[in-house]
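Colleague: I'd like to learn how to read the empty spaces in a model like this one. Could you walk me through it?

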Amino acid sequence: MTEGVQTPPATQFTPRVFSGIQPSGGLTLGNYLGAIKRFVDMQDQGIQTIYCMVDLHAITVWQDPAALKRQTRELAAGYIAAGLDPARSILFNQSQVSAHAELGWVFNCVARMGWMQRMTQWKDKAGKNAQNASLGLFAYPALMAADILLYHATHVPVGEDQKQHVELTRDIAAKFNHDFKVDFFPLPEPVIEGAATRVMSLRDGSKKMSKSDPSDASRINMTDDADAIAQKIRKAKTDPDALPSEAKGLDERPEARNLVNIYAALSEQTVDAVLADVGGKQFSEFKPMLADLAVAKLSPISSEMARLMQAPDEIDAILRSGADQARAIAQPIMDRTLDIVGMVR
Ligand code: AQP
């Protein structure tokens, strides 16, 4: 989009990780494997890690106010229960750091309408009723660019569905740097790794598992109990064939591929290693194995989430302290941005 622009590669900036999740419903296994589990892995790599609950993004579609508060605390509980440590990562909710909205506005004036119209998530979420979608939903990727660039983040762990938005973030950073003749914003890299970068619906292998899918049977929620997890996996759509012994045998079998990917990600093995073990088995044998594994991995997280949800004050204190730390990094970057743009300070 911005050809010929000379901007610094992300390597010229101190490595810093930023990512976020919308508190737009309960957490799913897709959010866990595609995002949170990898947030935890990155926490231990000696790089500063900043993880946000992007509540300003959540309101781009209608949210009941009381439910939004509960979902934000539940998301924070999910982060912590899964292993994010407020002493090692900054954990906060976006609306407590007002510079996100401020930089989002600046980027609304940098990004082009045509760029936004090409975003597949906008097309999917607005659907045929785009005229009735909120302006916020359309501008969502500019706010996401602000979330990342407000911290000069260089690495953004996300699921496959968010890759296009991180690429747009790079375009916004490049255009800002070009327009104002500065080398101010890094061009961040999406980090999309592992066997489950796109967990699919349990009812339809062509659709992403999503917290806002009207069918609860389509997803595993992080708060589901062992019986619910086992039942959803037992009822998951599959095909009549046995599992193949090699990954190539999953071609054209989206539902089978999805369950094998989930197994591989939960057991921290490659798909090939899983198939070397389970190749030749029928789903009647594989599904209980997957259910047992999912329960073993998810139950400790869901019980810790339930415990934390009994202590909302503890969660709120963690979020307030995280917001203070986030503000300390963000404010100088915001101030400098406004100065570059030409605002009298
Ligand atoms: N099915 C998925 N597989 C792998 N990764 C996923 N993510 C979401 N779904 C999957 C990753 O989770 C992070 C947070 O996503 P989000 O909540 O900000 O928005 P989303 O991608 O739109 O997620 P949902 O669950 O589908 O939410 P709703 O239903 O509210 O739109 C991102 O890194 C995303 O890639």
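Colleague: How do the residues of the lining of the largest pocket divide into nonpolar, polar and charged?

Modeller: Happy to help, and keep in mind that this is a predicted model. The general idea comes first: rolling a probe the size of a water molecule over the atoms shows where empty space is left. Here, the lining of the largest pocket is made up of 17 nonpolar, 18 polar and 9 charged residues.

Colleague: What volume does the largest pocket have?

Modeller: Its volume is about 1100 Å³. The lining counts 44 residues, and Gln121, Lys125, Asp161, Gln162 and Lys208 are the closest to the centre. Two or more lining residues come from each of strand S1 (16-21), helix H1 (29-43), helix H6 (120-126), helix H7 (135-149) and strand S4 (155-157).

Colleague: Which element gives the most to that lining of the largest pocket?

Modeller: That is H7, with 5 residues. Keep an eye on this helix as we go on.

Colleague: Let's turn to the ligand. Which residues come nearest to the ligand?

Modeller: There are 23 residues around the ligand, and Lys125, Asp161, Ser210, Lys211 and Ser212 come nearest. Lys125 and Asp161 are also among the residues closest to the centre of the largest pocket.

Colleague: How should I read the individual polar contacts? Which residue has a backbone N or O atom 2.8 Å from a nitrogen atom of the ligand?

Modeller: Look at which part of the residue takes part and which atom of the ligand it meets. With Val199 it is a backbone N or O atom, 2.8 Å from a ligand nitrogen. With Lys211 it is a side-chain N or O atom, and the distance to an oxygen atom of the ligand is 2.3 Å. Ser212 also uses an N or O atom of its side chain, lying 2.4 Å from a ligand oxygen.

Colleague: Back to the pockets. How many residues line the second largest pocket, and which lie nearest its centre?

Modeller: This pocket has 16 lining residues, with Gly104, Trp105, Asn108, Leu135 and Ala139 nearest the centre. The volume of the second largest pocket is about 380 Å³. By class, its lining holds 11 nonpolar, 4 polar and 1 charged.

Colleague: Which elements supply at least two residues of the lining of the second largest pocket?

Modeller: Helix H4 (99-108), helix H5 (113-117) and H7 do. H7 has the largest share, at 6 residues.

Colleague: And closed spaces? How many cavities of 30 Å³ or more does a search of the whole structure find?

Modeller: The search finds 1. Its volume is about 40 Å³, and its lining consists of Gln121, Trp122, Leu137, Tyr140, Pro141 and His165. H6 and H7 are the elements giving two or more residues to that lining, and H7 gives the most, with 3. Sorted by class, the cavity lining has 4 nonpolar and 2 polar residues, and no charged ones. Gln121 takes part in this cavity lining and is also listed among the residues closest to the centre of the largest pocket.

Colleague: I'd also like to check the backbone. Where are His152 and Glu252 found?

Modeller: His152 sits in the loop between H7 and S4, while Glu252 belongs to the loop between H9 and helix H10 (254-267). Each is a residue other than glycine with a positive phi: near 50 degrees for His152 and about 65 degrees for Glu252.

Colleague: Is His152 buried or exposed?

Modeller: His152 counts as buried because its relative accessible area, 13%, is under the 20% cut-off. Glu252 counts as exposed because its 78% is over 50%.

Colleague: What about a residue in between? Why does Ser215 count as partly exposed?

Modeller: Ser215 has 28% relative accessibility, so it falls between the 20% and 50% limits. Ser215 is in the loop between strand S5 (189-191) and helix H9 (226-235). Its C-alpha is 8.6 Å from that of Arg203, and the two residues are 12 apart in sequence.

Colleague: Last one: how many disulfides does the structure hold?

Modeller: The structure holds 0 disulfides. As for the cysteines, Cys52 is buried at 0% relative accessible area, whereas Cys109 is partly exposed at 46%.

Technical notes
Residues numbered from 1 in each chain as written. Predicted model: local features only at pLDDT ≥ 70, side-chain atom pairs only at ≥ 80, totals over all residues. Heavy atoms only, no water. Disulfide = S-S within 2.5 Å. Buried < 20%, exposed > 50% of the residue type's maximum accessible area, 1.4 Å probe, protein only. 1 Å grid on protein atoms, 1.4 Å probe; cavity = no way out; pocket = protein on both sides within 12 Å on 5 of 7 lines; lining within 4 Å. Points joined across faces, edges and corners; volume = space filled by probe spheres on them. Helix = DSSP H or I, 4+ residues; strand = E, 2+ residues; numbered from the N terminus. Nonpolar A, V, L, I, M, F, W, Y, C, P; charged D, E, K, R; others polar. Near = heavy atom within 4 Å. Polar contact = N/O pair within 3.5 Å; in protein donor to acceptor, adjacent residues only side chain to side chain.
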